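Biologist: Please take a close look at one part of this predicted model, the packing of its interior, and describe how the pieces around it fit together.

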Amino acid sequence: DVCSSDLMASGDDVREYLYKVLVVGDLGTGKTSLIKRFVHNLFSSQYKATIGVDFALKVVEWDPQTIVRLQLWDIAGQERFGNMTRVYYKEAVGAIVVFDVTRPPTFEAVSKWKTDVDKKVRLPNDDPIPVVLLANKCDLAKEPLTNEKHMMDKYCAQHGFAGWFEASAKENINVEASVRFLISKILECDTRRPVPADDADRITLSDEATSHGKNKPKTAGGCC
């Protein structure tokens, strides 16, 4: 159970957790760019479309006693809601749904992605995993989405999102803040049961899995 809520002993006082987090949304919404920014603090407009699933690992020093290792799974937008996503989603404990603020159809698809995640992966107590909504490419928006904060808060509450953020992978806006918010929700849900360190260090990936990463500052709002 490497990707659920594994606790690893790391010295007398430091606890280390390993979490699998999904990054989903329609094709071209900037999922890969967000992951690259968060993991490597890099941005490029030349990324190719992800095929299948990509994988990245980021170590986050949460506090002096807690280290969080995030496995970020970049699920290809063209996978949509196919059967393979059930395999990719397995053992995830959190998710980010991404849409492009300049392309309204990608927002219309958000509820379908959220429903798909809720159907295919649950916490051990059968609750849905915490999911954050990211309005990416806010640097290109004609008007800030925060002008519609009440509407977005209501939308997130209706669809069970833990919170939402305006974000920009290009300008490094709210990437780190949104991921740290999600980590806080994951930690709240974690039963924190210790497991053997050798189990926690084992990572199993499909042949398709490779690496990707993303990062951002600021907060635009939360609904819960």
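Modeller: Leu134 touches Leu34, Ile96, Val97, Val98, Phe99, Phe165, Ala167 and Ser178, when residues up to four places away in sequence are set aside. The model is a predicted one, and every contact described here is computed from it. Leu134 is also among the residues with the most contacts inside the largest nonpolar core, together with Tyr19, Leu34, Phe38, Leu70, Leu72 and Ile183. That core has 30 residues. At least two of its residues come from each of the following elements: strands S2 (14-25), S3 (53-63), S4 (66-75), S5 (94-100) and S6 (131-136), and helices H1 (31-40) and H6 (175-189). The greatest share belongs to H6, which gives eight residues. A second core, separate from this one, has 28 residues, including Val24, Ala92, Val97 and Phe161. Val97 thus appears in the second core and is also touched by Leu134.

The two helices of the largest core deserve separate treatment, beginning with H6. Its 15 residues, at 1.5 Å a residue, should span 21 Å, and the C-alpha atoms at its ends lie 22 Å apart, which agrees. Buried positions in H6 are Val175, Ala177, Ser178, Val179, Phe181, Leu182, Ile183, Lys185, Ile186 and Leu187. Among them, Ser178 is touched by Leu134, and Ile183 is one of the residues with the most contacts inside the largest core. An α-helix has 3.6 residues a turn, so residues three or four places apart point the same way. Leu187, in helix H6, has a relative accessibility of 7% and therefore counts as buried, the limit being under 20%. Leu187 also illustrates how the chain brings remote positions together: Leu187 and Val68 are 119 residues apart in sequence, yet their C-alpha atoms are 9.5 Å apart in space.

H1 is mostly covered, with nine of its 10 residues buried. These are Lys31, Thr32, Ser33, Leu34, Ile35, Lys36, Arg37, Phe38 and Val39. The elements against which the buried residues of H1 pack are S2, S3, S4, S5, S6 and H6. Leu34 and Phe38 of this helix are both among the residues with the most contacts inside the largest core, and Leu34 is touched by Leu134.

How do the two helices meet? H1 and H6 pack at an angle of about 85°, and their axes are 10 Å apart. Because angles of 65 to 115 degrees count as roughly perpendicular, H1 is roughly perpendicular to H6. On the H1 side the contact is made by Leu34, Arg37 and Phe38, and on the H6 side by Val175, Glu176 and Val179. By type, the residues of this contact divide into four nonpolar, no polar and two charged.

The chain leaves H1 with a distinctive backbone conformation. Just after this helix, Asn41 takes a positive phi of about 55°, although Asn41 is not a glycine. Most residues other than glycine have a negative phi. Asn41 lies in the loop between H1 and S3 and is partly exposed, with a relative accessible area of 44%. Another case is Asn172, which has a positive phi of about 60° and is likewise not a glycine. Asn172 is placed in the loop between strand S7 (163-166) and H6. The two loops just named thus follow H1 and precede H6.

The loop between H1 and S3 also holds Ser44, which counts as partly exposed at 26% relative accessibility. Ser44 and Ala169 are separated by 125 residues in sequence, while their C-alpha atoms are 9.2 Å apart in space. After S6, the strand that runs over 131-136, comes the loop that leads to helix H5 (149-159), and Leu140 is located there. Leu140 counts as exposed, at 52% relative accessibility. From C-alpha to C-alpha, Leu140 and Val101 are 7.8 Å apart, with their positions 39 residues apart in sequence.

These pairs can be set against the chain as a whole. Among contacts between residues at least 6 apart in sequence, 76% join residues at least 24 apart. The protein chain has 224 residues, of which 52% count as buried. Its secondary structure comes to seven helices and seven strands, and along the sequence these follow the pattern β-β-α-β-β-α-β-α-α-β-α-β-α-α.

Methods. Residues numbered from 1 in each chain as written. Predicted model: local features only at pLDDT ≥ 70, side-chain atom pairs only at ≥ 80, totals over all residues. Heavy atoms only, no water. Core = buried A, V, L, I, M, F, W, Y, C linked by side-chain atoms within 4.5 Å. Buried < 20%, exposed > 50% of the residue type's maximum accessible area, 1.4 Å probe, protein only. Helix = DSSP H or I, 4+ residues; strand = E, 2+ residues; numbered from the N terminus. Contact = heavy atoms within 4.5 Å. Expected span 1.5 Å × (residues − 1). Axes fitted to C-alpha atoms, helices over the stretch in contact; angles between N-to-C directions. Parallel < 35°, antiparallel > 145°, perpendicular 65-115°, else oblique. Nonpolar A, V, L, I, M, F, W, Y, C, P; charged D, E, K, R; others polar.
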